[in-house]
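Me: I am new to this structure and would like to get to know it step by step. Could you take my questions one at a time?

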Amino acid sequence: LEKNKSPLLKKLLVFLRELFCNFKRELKEVLASTPTLLNELEYDVKKFEIERKKKKEKNAKMELEGIQRMLGDVTNVNNSGEAAAAKAVAKEGKVTGQLGVAGIGKKA
């Protein structure tokens with residue numbers, strides 16, 4: 001599975017991790033006759049967990065950087081001449097919306 005980069009490998013490692021978490025003592029008893037296999041499985045599960053944590057941390061970091069970038073863009077707009085134009089457009093939209101509502105209210 002590992003050589004072929006099978007998509008089943010991830011699911012298998014998740015399953016093995018759950019087995020180790022819930023039945024570690026029983027697994028050690030069953031695999032006592034093949035300690036090499038037990039050690040390899042434990043190593044693979046630990047390695048999988050480390051990679052999974054790193055991936056979660058990387059995703060969280062990327063998400064935070066994206067939010068910071070968006071906030072930086074908003075700050076840059078507010079500090080530039082575009083901010084005045086954006087406020088004027090927003091104000092015009094509010095006025096138009098208010099007039100439209102008032103006009104409908106008078107007809108009813």
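Me: Is Arg17 buried or exposed?
Reply: Happy to help! The yardstick is relative accessible area, taken with a 1.4 Å probe on protein chains only: buried is under 20%, exposed is over 50%, and partly exposed is in between. Arg17 has a relative accessibility of 16%, so Arg17 counts as buried.

Me: Before we go on, what kind of model is this?
Reply: Residues are numbered from 1 along each chain as its sequence is written, and side-chain values use heavy atoms, with hydrogens and water left out. Local features need pLDDT (the predictor's confidence in each residue, from 0 to 100) of at least 70, side-chain atom pairs count only at pLDDT 80 or more, and totals for chains, interfaces and linings use all residues, as this is a predicted model.

Me: Which helix of the protein has the lowest mean pLDDT?
Reply: The mean pLDDT of the protein is 75, and 63% of its residues reach 70 or more. Helix H1 (residues 8-30) has the highest mean among the elements, 86, while the lowest, 54, belongs to helix H3 (residues 81-107). Over residues 95-108 the pLDDT is below 50, and beyond near neighbours in sequence this stretch has zero contacts (heavy atoms within 4.5 Å) in the model. Where pLDDT is low, the predicted coordinates should not be read in detail; the helix you asked for is H3.

Me: How many helices and strands are there in the protein?
Reply: Both are DSSP runs numbered from the N terminus: helices are H or I with at least four residues, strands are E with at least two. From the N terminus on, the elements run α-α-α. The count is three helices and zero strands.

Me: Which residues does Arg17 touch, not counting those up to four places away in sequence?
Reply: Arg17 lies in helix H1. Its contacts, with that exclusion, are Val45, Glu49 and Arg52.

Me: Which residues are joined with Arg17 into one network of salt bridges?
Reply: A salt bridge puts a side-chain nitrogen of Lys or Arg within 4 Å of a carboxyl oxygen of Asp or Glu. Arg17 pairs with Glu18, the closest N and O atoms being 3.3 Å apart, and with Glu49 at 2.7 Å. Glu49 also pairs with Arg52, at 3.9 Å. These bridges share partners, and the network joins Arg17 with Glu18, Glu49 and Arg52.

Me: How many residues apart in sequence are the parts that Arg17 and Glu49 tie together?
Reply: Glu49 and Arg52 both lie in helix H2, three residues apart, about one turn of the helix. Arg17 is in helix H1, so its pair with Glu49 in helix H2 ties together parts whose separation in sequence is 32 residues.

Me: Which elements give two or more residues to the largest nonpolar core?
Reply: Such a core is a set of buried Ala, Val, Leu, Ile, Met, Phe, Trp, Tyr and Cys residues joined through side-chain atoms within 4.5 Å. The largest one has nine residues in all, including Leu16, Phe20 and Val45. Val45 touches Leu16, Arg17 and Phe20, not counting residues up to four places away in sequence. The elements that give two or more residues to this core are H1 and H2.

Me: Is Met70 buried or exposed?
Reply: Met70 has its place in helix H2 (residues 35-78). With a relative accessibility of 54%, Met70 counts as exposed.
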